[in-house]
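Student: Please take a close look with me at the part that opens this chain, and at what it leads into. I am new to this structure, so go one step at a time.

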Amino acid sequence: MTADRKNEAREKFLLGAIVVRAGLSKADRAFLLGGFIELARVTAGSAEHRRLRDIGEEAFTAPALDGGSAGNAETAEWH
């Protein structure tokens with residue numbers, strides 16, 4: 001059970017790093033959740049999914065939008 005909790009904590013940490021990397025750390029939580037719900041509706045493999053994924057891939061190699069560094073090594077697992 002401890003390994004499961006560690007994995008869950010790491011997953012949450014990495015998801016938080018993605019929010020920071022996108023420059024949304026100060027965004028309203030309801031706004032973020034609404035955006036994530038909309039993203040969940042995008043069909044995997046669709047043109048929109050590929051377009052958004054390409055934007056994300058490019059963002060992982062660019063400086064963080066918030067001026068800080070979320071760290072490419074930390075977020076590389078999510079590719």
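Tutor: Happily; one term comes first: a residue is buried under 20% relative accessible area, exposed over 50% and partly exposed in between, using a 1.4 Å probe and protein chains only. This is a predicted model, where local features need pLDDT of at least 70 and side-chain atom pairs pLDDT 80 or more, while totals for chains, interfaces and linings use all residues. Residues are numbered from 1 along each chain as its sequence is written, and side-chain values use heavy atoms, with hydrogens and water left out.

For orientation, the chain holds four helices and zero strands (DSSP runs numbered from the N terminus: H or I of at least four residues for helices, E of at least two for strands). Along the sequence, they give the pattern α-α-α-α. Of the chain's 79 residues, 13% are buried.

Our close-up starts with helix α1, which covers residues 2-21. Its 20 residues should span 28 Å at 1.5 Å a residue (that rise times one less than the number of residues). The C-alpha atoms at its two ends are indeed 28 Å apart, so the model agrees with the expected span. As for cover, the buried residues of α1 are Leu14, Ala17, Val19 and Arg21.

Next comes the link to the following helix. Ala22 sits in the loop between α1 and α2. Its relative accessibility is 33%, so Ala22 counts as partly exposed. Ala22 also lets us look further along the chain: Phe60 is 38 residues away in sequence, yet the C-alpha atoms of this pair are separated by 9.6 Å. Gly23, found just after α1, takes a positive phi of about 80 degrees.

Then we reach α2, where Asp28 caps the N-terminal end. A side-chain oxygen of Asp28 lies 2.9 Å from the backbone nitrogen of Ala30 (a polar contact pairs N or O atoms within 3.5 Å; within protein, one must be able to donate a hydrogen and the other to accept it, and sequence neighbours count only if both atoms are side-chain atoms).

Helix α2 itself runs over residues 29-40. It has twelve residues and reaches 16 Å from its first C-alpha to its last, close to the 16 Å expected at 1.5 Å a residue. Phe36 is one residue to find within α2. With a relative accessible area of 44%, Phe36 is partly exposed.
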